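This briefing introduces a protein structure to a reader who has not met it before. Please keep the sequence and the structure in view while reading.

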Amino acid sequence: MRLSRRALLAATTAATSLTAAPPAAAAGPRRRLRTGFERLAADGYALLDGRRVGIVTNPTGVTRDVRHIVDVMHADPRVDLVAVFGPEHGFRGTAQAGGSEGRYDDPATGLPVYDTYLKSGRPLADVFTASGVDTVVFDIQDVGARFYTYIWTLYDCMEAAQLAGKRFVVLDRPNPVTGRSAQGPVLHKEFATFVGRQPISQAHGMTVAELARLFNGEFLTAPVPLETVLMTGWRRSDLYDASGLPWVPPSPNMPTPDTALVYAGTCLFEGTNLSEGRGTTRPFELLGADGIDGRWAAKVSELALPGVHFREAYFAPTFSKFQGRTVGGVQIHVHDRTAYDPVRTGIALLVTAKQVWDGFAWRSDHWIDKLTGSAQVRTAIDAGAGTEDVVAGWREELAAFRRIRKEYLLYK
């Protein structure tokens, strides 16, 4: 760490009623969550007064009554909104994984939409400069996993805003799988990619505002002028259904909060030759391959993992791996969301799949190492390690990350 984290945060985060830590959420049924955008709007957009604003967002940037915030802000004379910046999948969310929508003018507002996907550093800073904005606002719903790329869009945009001399504002939204704790292996820097830029844990247990403060205090070469508009009414133990907010799929294969609950573990199957359920109505909850039968569900069920049952399942993906072919595997059924550990469950599924199916293979590019953040998981499983031994392999690095993370948490 290059500077005192507390000194840095004091210098780079404005002390206003919107950016200060909110009071503890009230108990009882009357508690209502207010997102960062709701608080910004309720304050008359004072934080954006006199600014030429660009916003990084996607279909999840909606109000409680599912109006898109770009449409709302564009229609409000108190906001000078001049540009929109789209991440992976695009501003309107039409692109599949690994795609974006490119540069176009938004038909609804006429605003120019710029593509940020796979841009970082000076090229992305040049996009901000060309757009004519002086303040970049970020409002995207995250799902709590290191390899979900929107948090690295946040990181890249913060870095680019600093290079371009722009102010940066993060509007906070809930972590849909709670903010109780960090879980899983921590990224090793030599494995850094767009599914993990910096050493955080696989399930980070933070909101985007907390991550922005962490990025500014720990990882950016120089801090960006950062302001965070926090939520009120959110507790770290809350799952998404407690928020009362509508769920808009953050990406095409994240259809429900149930998907988000398992994703931090079962996305690891992208690094194997098994289907991770893309092309089905239950992506990341259905896993399988041609040649797998009921032995897998039986084997993983023997582990008695907390909070989850496994059902023998058969399905035919409409696209992606095994398109149009019926495959066998498991469906994950989470019955106790508080006890469920998605990362440990994902490791157990990898270990047992390799034990019962002789066709098991990692992707030839070792994508699993990029997803887990090092070669540790792959080499341990290849050596015959069981679930607990694999998990023990990241215990010390996770403890170290948890100590750093604790300094940036903003909610009770």
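The points below cover the sheets, the helices that pack on them, the contacts between helices and the aromatic pairs.

The structure is a predicted model. Seven strands form one open sheet with mixed pairing, and three strands form another open sheet, in which the pairing is antiparallel. In general, the strands of a sheet are paired through hydrogen bonds of the backbone, in a parallel or an antiparallel manner.

**The seven-stranded sheet**

- The strands of this sheet follow the order 3-4-2-1-5-6-9.
- Its edges are formed by strand 3 (104-105) and strand 9 (226-229), each of which pairs on one side only.
- Within the sheet, strand 5 (residues 135-139) is joined to strand 6 (residues 167-171) by four bridges in the parallel sense.
- F138 has V170, in strand 6, as its bridge partner.
- Helix 4 (residues 121-131) packs on this sheet and touches strand 1 (52-57), strand 2 (80-86), strand 4 (112-115) and strand 5. The direction of helix 4 makes about 155 degrees with that of strand 2.
- Helix 5 (residues 150-164) also packs on the sheet, where it touches strand 1, strand 5, strand 6 and strand 9. The direction of helix 5 makes about 155 degrees with that of strand 6.

**Helix 4 and helix 5**

- These two helices also pack against each other, at an angle of about 70 degrees and with their axes 8 Å apart.
- Helix 4 is therefore roughly perpendicular to helix 5, since angles of 65 to 115 degrees count as such.
- The crossing of helix 4 with helix 5 is right-handed.
- Helix 4 contributes G121, R122, L124, A125, F128 and T129 to the contact, while helix 5 contributes D156, C157, E159, A160, A161, L163 and A164.
- Sorted by class, the residues of this contact comprise eight nonpolar, two polar and three charged ones.

**The three-stranded sheet**

- The order of the strands in this sheet is 10-12-11.
- Strand 10 (286-289) and strand 11 (308-315) are the edge strands, each pairing on one side only.
- On average, and with direction ignored, neighbouring strands of the sheet are turned by 25 degrees against each other.
- Eight bridges link strand 11 to strand 12 (residues 327-334) in the antiparallel sense.
- F315 has V327, in strand 12, as its bridge partner.
- Helix 9 packs on this sheet, in touch with strand 10, strand 11 and strand 12. The direction of helix 9 makes about 50 degrees with that of strand 11.

**Helix 7 and helix 9**

- The axis of helix 7 (residues 257-266) comes within 6 Å of the axis of helix 9 (residues 342-356), and the two cross at roughly 55 degrees.
- Helix 7 and helix 9 are therefore oblique to each other.
- Their crossing is right-handed.
- On the side of helix 7, the residues that meet helix 9 are L261, V262, A264, G265 and T266. Their counterparts in helix 9 are P342, V343, G346 and L349.
- This contact has six nonpolar and three polar residues, and no charged ones.

**Aromatic pairs**

- There are 16 aromatic pairs in the structure.
- One of them joins W234 and Y411 in an edge-to-face arrangement, with 5.2 Å from centre to centre and 90 degrees between the planes.
- W234 belongs to the loop between strand 9 and helix 7, and Y411 to the segment after helix 13 (395-406), so this pair ties together parts that are 177 residues apart in sequence.

Terms used:
Residues are numbered from 1 along each chain as its sequence is written. This is a predicted model: local features need pLDDT of at least 70, side-chain atom pairs count only at pLDDT 80 or more; totals for chains, interfaces and linings use all residues. Side-chain values use heavy atoms; hydrogens and water are left out. Axes are lines fitted to C-alpha atoms, for helices over the stretch in contact, and angles run from 0 to 180 degrees between N-to-C directions. Angles under 35 degrees count as roughly parallel, over 145 as roughly antiparallel, 65 to 115 as roughly perpendicular and the rest as oblique. A crossing is left-handed if the near helix is turned anticlockwise from the far one by less than a right angle, and right-handed if clockwise. Contact means heavy atoms within 4.5 Å. Ala, Val, Leu, Ile, Met, Phe, Trp, Tyr, Cys and Pro count as nonpolar, Asp, Glu, Lys and Arg as charged, and the others, Gly among them, as polar. Two strands pair if DSSP finds at least two bridges between them. Rings of Phe, Tyr and Trp (its six-membered ring) pair if their centres lie within 6.5 Å; planes under 30 degrees apart count as stacked, over 60 as edge-to-face and the rest as tilted.
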